[in-house]
Every structure is written in structure tokens, then in C-alpha cells.
Amino acid sequence: WDFNALSLDRSQSCSITVEILKWIAAKASSSSEDTLTAYVDVASSGYNKGPQYHNWTHAVDVTHILFMVLHRCSRQGVFLTVLEEFALLTSAVCHDIGHPG
């Protein structure tokens, strides 16, 4: 839980996000690291720049928190399938693209 997305530059935040997606993709899909990296790069560039709240840093923070909840609860297959968890995490990455504030 000791994670501060504000302390990361874009390269670091993209790398961490790719690692999170690799964790679930290994269980849920055949997505390659190159595909996940391209997805994260495109998603991160879709966020508005500037000090607003709904920016790329917020997306990384939300993705990390969701990862921690899923990972720490260890209830895989009980409430959600692995594919549903993959969908949640990939959705967290892009959930506020284009949000104006």
C-alpha cells in the first residue's frame, strides 16, 4: 500500500502499469509484453496534461489500488473470473481518458 504515484515520472509510471497488467495477463490472456506496453503508452498519452485531478497519475494510482485489492483479497475465481479481473485492470488504466478536470 506504500505507493506514491506522484513521485513517478511518466516512464516509471508506465513501467509499473505494464508490470501490473503482465501479472494478470499471464493468467487471463495471451497478451504479449509488447502489446501491453503499447496499450499503456497509448492510454497514457490520451490523458489531458496539466494539474487537473483526472490525469495519467490518477489512472496509475487507481490501477495500483485495484491491483492491491484484487491481489490481497486472493479470492480469484470466487467473485470474479480471471478474465473479469483482467478487464477491470485494463479498464482502470484508461477510465478517465479525455476527462476535462
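**Figure 1. Burial and overall form of the protein chain.** Of the 101 residues of the protein chain, 34% count as buried. The model shown here and in the following views is predicted. The protein chain contains four helices and zero strands, and its elements follow one another along the sequence in the pattern α-α-α-α. The radius of gyration is 13 Å, close to the 13 Å given by the globule rule for 101 residues, so the protein chain is as compact as a globular protein of that length. Taken along the principal axes, the C-alpha atoms fill a box of roughly 40 × 25 × 20 Å.

**Figure 2. Contacts and accessible surface of the protein chain.** Among contacts with a separation of 6 or more, 74% join residues that lie 24 or more positions apart. The accessible surface comes to about 5800 Å². Carbon and sulfur atoms account for 58% of this surface.

**Figure 3. The largest nonpolar core of the protein chain.** This core has 22 residues. The residues with the most contacts inside the core are Leu-21, Val-40, Trp-56 and Leu-89. Each of the helices α1, α2, α3 and α4 supplies at least two residues of the core. The largest share, seven residues, comes from α3. In soluble globular proteins, nonpolar side chains tend to be buried together.

**Figure 4. The surroundings of Leu-89.** Leu-89 is one of the residues with the most contacts inside the largest nonpolar core. When residues up to four places away in sequence are not counted, Leu-89 touches Ile-20, Leu-21, Trp-23 and Ile-24, and also Thr-63, Leu-66, Phe-67 and Leu-70. Of these partners, Thr-63, Leu-66, Phe-67 and Leu-70 are among the buried residues of α3.

**Figure 5. Helix α3 and the helices against which it packs.** Helix α3 comprises the 18 residues 56–73. At 1.5 Å a residue, these residues should span 26 Å, and the end C-alpha atoms are 26 Å apart, which agrees with the expected value. The buried residues of α3 include Trp-56, His-58, Ala-59, Val-60, His-64 and Met-68. The buried residues of this helix pack against α1 (10–28), α2 (33–46) and α4 (82–94).

**Figure 6. The two ends of helix α3.** At the start of α3, a side-chain oxygen of Asn-55 reaches to within 3.2 Å of the backbone nitrogen of Thr-57. Just after α3, Ser-74 takes a positive phi of about 45 degrees.

Terms used. Residues numbered from 1 in each chain as written. Predicted model: local features only at pLDDT ≥ 70, side-chain atom pairs only at ≥ 80, totals over all residues. Heavy atoms only, no water. Expected span 1.5 Å × (residues − 1). Buried < 20%, exposed > 50% of the residue type's maximum accessible area, 1.4 Å probe, protein only. Contact = heavy atoms within 4.5 Å. Polar contact = N/O pair within 3.5 Å; in protein donor to acceptor, adjacent residues only side chain to side chain. Rg over C-alpha atoms; globule rule 2.2 N^0.38 Å. Areas by Shrake-Rupley, 256 points an atom, 1.4 Å probe, with all protein chains shown as cover. Core = buried A, V, L, I, M, F, W, Y, C linked by side-chain atoms within 4.5 Å.
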